[in-house]
Amino acid sequence: MLLCPLACASHPPAPSAYSSTRDALADLDEFGALLVKAGLPAELLPKEREVSPELARKLRMHFHLVPPSAAQYAPRLVADVLLLGVASGKESVARAELDRRVQEFQSLVVLRPDGYLASALSGREQLCVGPVEVQEGAYRAGIFEVGTFYKKAGSNDWQPIAAPGAARSQ
């Protein structure tokens, strides 16, 4: 006895549960990938070719309302720096320019509140530097300060650096 439902083969497949997410992620640029790593839901990803100051403020507000996971902390800090640069200006910034700015963070790490140095763009743990404590009015682990960008300057030397583009005017 054959129990194969032939009638079902003629019906179109139901839409995928993740089709809208997959569609949103299919055309991700560097800036969009950063926003996803920072914890922005796919349905909130901006689709425009430019990011306006108003949109940048809305995205920053979303990030400030939703606490980051440990893995989202460093990418969110990068996103906040870039979005603040747009939000504080008067003109929209092209996504291609934001993609270029994302790359400026490629070799940087950030001290997370859990005491790990993490890659600024991926959020991946690089090194545990110890417990974070309040020292001299700042959250620190050894010589590192939470939320500060660092670049490797030798075999074991890390240099604190200003966030790329932080002083950039629009």
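**Figure 1. The five-stranded open sheet of the predicted model.** In this predicted model, five strands are arranged as an open sheet in the order E5-E4-E3-E9-E10, with antiparallel pairing. The edge positions are taken by strand E5 (125-128) and strand E10 (158-161), each of which has a single partner strand, so one side of each is left without a neighbour in the sheet. Averaged over the sheet and with direction ignored, neighbouring strands are turned by 35° against each other. Helix H4 (residues 70-87) packs on this sheet, where it touches strand E3 (108-111), strand E4 (116-119) and E9, and the direction of H4 makes about 110° with that of E3.

**Figure 2. Strand E9 and its two pairings, with E3 and with E10.** On the E3 side, E9 is joined to E3 by three bridges, the two strands running antiparallel, and Val-110 stands opposite Phe-149 in E9. On the E10 side, strand E9 (residues 149-152) pairs with E10 over four bridges, again in the antiparallel sense. E9 and E10 form a hairpin, with five residues between the two strands. Within this pairing, Tyr-150 stands opposite Pro-160 in E10, while the bridge partner of Lys-152 in E10 is Trp-158.

**Figure 3. Surroundings of Lys-152 in strand E9.** Lys-152, which is found in strand E9, has a relative accessible area of 46% and is therefore partly exposed. When residues up to four places away in sequence are not counted, Lys-152 touches Asp-157 and Trp-158; Trp-158 is also the bridge partner of Lys-152 in E10. Lys-152 and Leu-108 are 44 residues apart in sequence, yet their C-alpha atoms are 7.8 Å apart in space.

**Figure 4. The aromatic pair of Phe-144 and Tyr-150.** The model holds two aromatic pairs. In the pair of Phe-144 and Tyr-150, the ring centres are 4.9 Å apart and the planes stand at 75°, so the arrangement is edge-to-face, the angle being over the 60 degrees required for that class. Both partners are buried: Phe-144 has a relative accessibility of 7%, and Tyr-150 one of 4%.

**Figure 5. The largest nonpolar core, with Phe-105 and its contacts.** The largest nonpolar core comprises 40 residues, and those with the most contacts inside it are Phe-31, Leu-35, Val-78, Phe-105 and Phe-149. Two or more residues are given to this core by each of helix H2 (30-37), helix H3 (53-65), H4, helix H5 (95-103), E3, E4 and E9. H4 gives the most, with ten residues. Phe-105, leaving aside its neighbours within four places in sequence, is in contact with Val-78, Val-81, Leu-82, Ala-120, Leu-121, Phe-149 and Pro-164. In soluble globular proteins, nonpolar side chains tend to be buried together.

**Figure 6. Arg-95 in helix H5 and its polar contact with Glu-48.** Arg-95 lies in helix H5 and, with a relative accessibility of 10%, counts as buried. A polar atom of the Arg-95 side chain lies 3.3 Å from the backbone oxygen of Glu-48. Not counting residues up to four places away in sequence, Arg-95 touches Asp-29, Phe-31, Gly-32, Pro-46, Lys-47, Glu-48, Arg-49, Glu-50 and Val-51; among these, Phe-31 is one of the residues with the most contacts inside the largest nonpolar core.

Definitions and conventions:
Residues are numbered from 1 along each chain as its sequence is written. This is a predicted model: local features need pLDDT of at least 70, side-chain atom pairs count only at pLDDT 80 or more; totals for chains, interfaces and linings use all residues. Side-chain values use heavy atoms; hydrogens and water are left out. Two strands pair if DSSP finds at least two bridges between them. Axes are lines fitted to C-alpha atoms, for helices over the stretch in contact, and angles run from 0 to 180 degrees between N-to-C directions. Contact means heavy atoms within 4.5 Å. Rings of Phe, Tyr and Trp (its six-membered ring) pair if their centres lie within 6.5 Å; planes under 30 degrees apart count as stacked, over 60 as edge-to-face and the rest as tilted. Buried means under 20% relative accessible area, exposed over 50%, partly exposed in between (1.4 Å probe, protein chains only). A nonpolar core is a set of buried Ala, Val, Leu, Ile, Met, Phe, Trp, Tyr and Cys residues joined through side-chain atoms within 4.5 Å. A polar contact is a pair of N or O atoms within 3.5 Å; within protein, one must be able to donate a hydrogen and the other to accept it, and residues adjacent in sequence count only if both atoms are side-chain atoms.
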